[in-house]
There are 2 protein chains.
Amino acid sequence: MLVLGIDPGTALTGYGVVRGARGSILTPVCHGCIRTESDWPLARKLQAVYQEVSRIITESRPDAVAVEELFFNQNARTAIAVAQGRGVTLLAAAEAGCPVFEYPPLAVKRAVTGNGRATKEQVRYMVQHLLRLQTLPSPDDAADALACAICHLNTSLTITAYNAAPLDRGLGR
Amino acid sequence: MLVLGIDPGTALTGYGVVRGARGSILTPVCHGCIRTESDWPLARKLQAVYQEVSRIITESRPDAVAVEELFFNQNARTAIAVAQGRGVTLLAAAEAGCPVFEYPPLAVKRAVTGNGRATKEQVRYMVQHLLRLQTLPSPDDAADALACAICHLNTSLTITAYNAAPLDRGLGR
């Protein structure tokens, strides 16, 4: 099962594709970030996000797209931008006939760290560990997208031992 | 000059097409509302909005699309829904190669009523009057979309006398 996780936005959109199967380890396929220029008109930014997400779906052919639910504890201007970017991201999935799953931020953090209140650093560290990446996933948006994909795999496959490597280092808790 | 005004949303998206030329009266071309079912998944709702807005642009071939800017004085859940719908609306315009213009709600209200704090009823009444519609435009979302199109025509053509009919009835102010 192949899952595309997305951390939506208009300036930065994180994405990460992860492969998983019941009882097997998780395999990272690709991850990165779609960037738009700050001086572009909004419609052009949204078009760039839509076209790039569509391209990633066409190339990676995921079985599902996983996206975080939105909560408005943040700055209103940021919230509007994220929601508009999220709209075209969900549209790209729908136009490609790809089912969309939405998870609350708490569930995504808990899925990778065991703690719904984990910091961004803890999420990045655990994503690197679970996917056996050589380096910390960068930027944060890509790490969050990979975490979202892992959350969906975790939920839908009920993976109990998705990584054979012992968790020998803690999260500093 | 043909302008498509949009009042974005995910449950209800108002639209209205208005034709105008420097010094001439405004002509309504069409207006209405795109409705989605409350039990549809969000991605399907956004897809329906995108496809309908794209269809309206293809059929009416506007020179510009005018949309209200978003302000977050409202309920957060509503704000998220509107912003997501707004994202796919702007995308539809960009994909059709149609320039997008954004106006603050105050500017739209002032353009049709002369008062940036006008009520919804005053906006509907003035839209009916300016476009010489037989009945009040319905629903509110369609009236707001027509007001947005009029605002853009007003701004870009600097129409000074867009309706020859005397304003014999006031707005109850």
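Which residue in E2(B) is the bridge partner of Gly5(B)? Keep that question in mind while you open this predicted model, and begin the tour with the strand that carries Gly5(B), which is strand E1 (residues 2-7) of chain B.

**First stop: strand E1 of chain B**

Select E1(B) and show its side chains: Leu2(B), Leu4(B) and Ile6(B) point one way from the strand, while Val3(B), Gly5(B) and Asp7(B) point the other way. This follows a general pattern, for in a regular strand the side chains alternate between the two faces of the sheet. Six of the six residues of E1(B) are buried, so the strand is largely enclosed by the rest of the structure.

**Second stop: the hairpin with E2**

Now add strand E2 (residues 12-19) of chain B, which pairs with E1(B) in the antiparallel sense over six bridges. The two strands form a hairpin with four residues between them, and you can follow the pairing by selecting single residues. The bridge partner of Gly5(B) is Gly16(B) in E2(B), which settles the opening question, and the bridge partner of Asp7(B) in E2(B) is Gly14(B). Of the eight residues of E2(B), six are buried, so this strand too is largely enclosed by the rest of the structure.

**Third stop: outward to both edges of the sheet**

From E2(B), move on to strand E3 (residues 27-35) of chain B, which runs antiparallel to E2(B) and is joined to it by eight bridges; if you select Thr13(B), you will find that it stands opposite Ile34(B) in E3(B). Then return to E1(B) and look at its pairing with E4(B), where four bridges join two strands that run parallel, and where Ile6(B) has Val67(B) of E4(B) as its bridge partner.

Strand E4 (residues 64-68) of chain B is in turn joined to E5(B) by four bridges, and these two strands run parallel; here Glu68(B) stands opposite Tyr103(B) in E5(B). With the five strands of chain B selected together, you have an open sheet in the order E3-E2-E1-E4-E5, with mixed pairing. Its edge strands are E3 and strand E5 (100-103) of chain B, each of which pairs on one side only. Neighbouring strands of this sheet are turned by 20° against each other on average, direction ignored.

**Fourth stop: helix H2 on the sheet**

Select helix H2 (residues 76-95) of chain B next, which packs on the sheet and touches E1, E4 and E5 of chain B. The direction of H2(B) makes about 165° with that of E4(B).

**Fifth stop: Gln84 and the axis between the chains**

Within helix H2 of chain B, pick out Gln84(B), which is buried, with a relative accessible area of 2%. Leaving aside its neighbours within four places in sequence, Gln84(B) is in contact with Leu70(A), Ala83(A), Arg86(A) and Gly87(A), as well as with Leu42(B) and Leu46(B).

Show both chains in full at this point: chain A can be laid on chain B with an RMSD of 0.0 Å by a turn of 180° and a shift of 0.0 Å along the axis. That is the relation of a two-fold axis. In chain A, the C-alpha nearest the axis belongs to Gln84(A), 2.3 Å from it. Since 100% of the interface residues of chain A are also interface residues in chain B, the copies meet through the same surface.

**Sixth stop: helices H3 and H5 of chain B**

Hide chain A and select helix H3 (residues 105-113) and helix H5 (residues 140-157) of chain B, whose axes come within 8 Å and cross at roughly 80°. That makes H3(B) roughly perpendicular to H5(B). At their contact, Ala107(B), Val108(B), Ala111(B) and Val112(B) in H3(B) meet Ala147(B), Cys148(B), Ile150(B), Cys151(B) and Asn154(B) in H5(B). By class, this contact has eight nonpolar residues, one polar residue and no charged residues.

**Last stop: helix H3 in chain A**

Finally, bring chain A back and select helix H3 (residues 105-113) there, where the buried residues are Pro105(A), Ala107(A), Val108(A), Ala111(A), Val112(A) and Thr113(A). The buried residues of H3(A) pack against strand E4 (64-68), strand E5 (100-103), helix H4 (120-131) and helix H5 (140-157) of chain A. End on Gly114(A), which follows H3(A) and has a positive phi, near 80°.

Conventions. Residues are numbered from 1 along each chain as its sequence is written. Chains are lettered from A and ligands numbered from 1 in the order in which they are written. This is a predicted model: local features need pLDDT of at least 70, side-chain atom pairs count only at pLDDT 80 or more; totals for chains, interfaces and linings use all residues. Side-chain values use heavy atoms; hydrogens and water are left out. Copies are superposed by least squares on the C-alpha atoms of residues with pLDDT of at least 70 in both. Contact means heavy atoms within 4.5 Å. Buried means under 20% relative accessible area, exposed over 50%, partly exposed in between (1.4 Å probe, protein chains only). Two strands pair if DSSP finds at least two bridges between them. Axes are lines fitted to C-alpha atoms, for helices over the stretch in contact, and angles run from 0 to 180 degrees between N-to-C directions. Angles under 35 degrees count as roughly parallel, over 145 as roughly antiparallel, 65 to 115 as roughly perpendicular and the rest as oblique. Ala, Val, Leu, Ile, Met, Phe, Trp, Tyr, Cys and Pro count as nonpolar, Asp, Glu, Lys and Arg as charged, and the others, Gly among them, as polar.
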